[in-house]
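Dear colleague,

I am handing over the structure below, and after it you will find an account of what turned up in it. Please keep it open beside you as you read.

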Amino acid sequence: MTAASIAAWVFAAVLAVLVLFVYRGGVPALVFGKKTEDVPHHKGQFSFPGGVVEQRDGSRVETALREAWEEIRLPAEAVEVLGLLDDTATRATNFIITPVVGIVRDRVDFAPDGREIERVL
């Protein structure tokens, strides 16, 4: 790594996302949200629920679950956290992302917030 890439790593925004599996018709499926055109990054793109780690978050898991509640109204208690994947650095947005893998075994009704997420897939 160069000094510039180390500096970029240190100053990058730190995020956590929820890589969420649900059962649809007895078959596991991933959950994605479609971003609105009003968000500052990734307008109209498909994404996992997630966002910036805040000081009040006790862990990356808490961040991912908090953001999933805020974005798609997924109750944290409905999620069985299976583990974390390795941190990943993005190039275009200079983020460090921790993927949190979870599964919801019971039926939940997702509700996109309309501000960041326009629909849940």
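In this predicted model, Thr63 counts as buried, because its relative accessibility is 0% and buried means under 20%. Thr63 has its place in helix α2, and, leaving aside residues up to four places away in sequence, Thr63 touches Ala16, Gly51, Val52, Val53, Glu54 and Asp57.

One of those contacts, Glu54, leads on to the salt bridges, of which the structure holds eleven. Glu54 pairs with Arg66, and the closest N and O atoms of the two are 3.7 Å apart. This pair links distant parts of the chain, since Arg66 lies in helix α2 and Glu54 in the loop between β5 and α2, twelve residues apart. As for their surroundings, Arg66 counts as buried at 11% relative accessibility, whereas Glu54, at 33%, counts as partly exposed.

A second pair, Arg56 with Glu70, has its closest N and O atoms 3.5 Å apart, and it too links distant parts of the chain, with Arg56 in the loop between β5 and α2 and Glu70 in helix α2, 14 residues apart. Here Arg56 counts as exposed, at 57% relative accessibility, while Glu70 is partly exposed, with a relative accessible area of 28%. Both of these pairs belong to a network of salt bridges that links Glu54, Arg56, Asp57, Arg66, Glu67 and Glu70.

Elsewhere, Arg105 forms a salt bridge with Glu80, the closest N and O atoms being 2.8 Å apart. Because Arg105 lies in the loop between β8 and β9 (117-120) and Glu80 in strand β6 (residues 80-84), this pair ties together parts that are 25 residues apart in sequence. Both partners count as partly exposed, Arg105 at 49% relative accessibility and Glu80 at 36%.

Finally, there is the matter of pockets. The largest pocket has a volume of about 600 Å³, and its lining is made up of 25 residues, with Leu15, Lys35, His42, Gly50 and Phe95 lying nearest its centre. Two or more residues of that lining come from each of β1 (13-24), β4 (46-47), β5 (50-52), α2 (60-72) and β8 (95-104), so helix α2, where Thr63 has its place, is among the elements that contribute to the largest pocket. By residue type, the lining of the largest pocket divides into ten nonpolar, nine polar and six charged residues.

With best wishes

Terms used:
Residues numbered from 1 in each chain as written. Predicted model: local features only at pLDDT ≥ 70, side-chain atom pairs only at ≥ 80, totals over all residues. Heavy atoms only, no water. 1 Å grid on protein atoms, 1.4 Å probe; cavity = no way out; pocket = protein on both sides within 12 Å on 5 of 7 lines; lining within 4 Å. Points joined across faces, edges and corners; volume = space filled by probe spheres on them. Helix = DSSP H or I, 4+ residues; strand = E, 2+ residues; numbered from the N terminus. Nonpolar A, V, L, I, M, F, W, Y, C, P; charged D, E, K, R; others polar. Buried < 20%, exposed > 50% of the residue type's maximum accessible area, 1.4 Å probe, protein only. Contact = heavy atoms within 4.5 Å. Salt bridge = Lys/Arg side-chain N within 4 Å of Asp/Glu carboxyl O.
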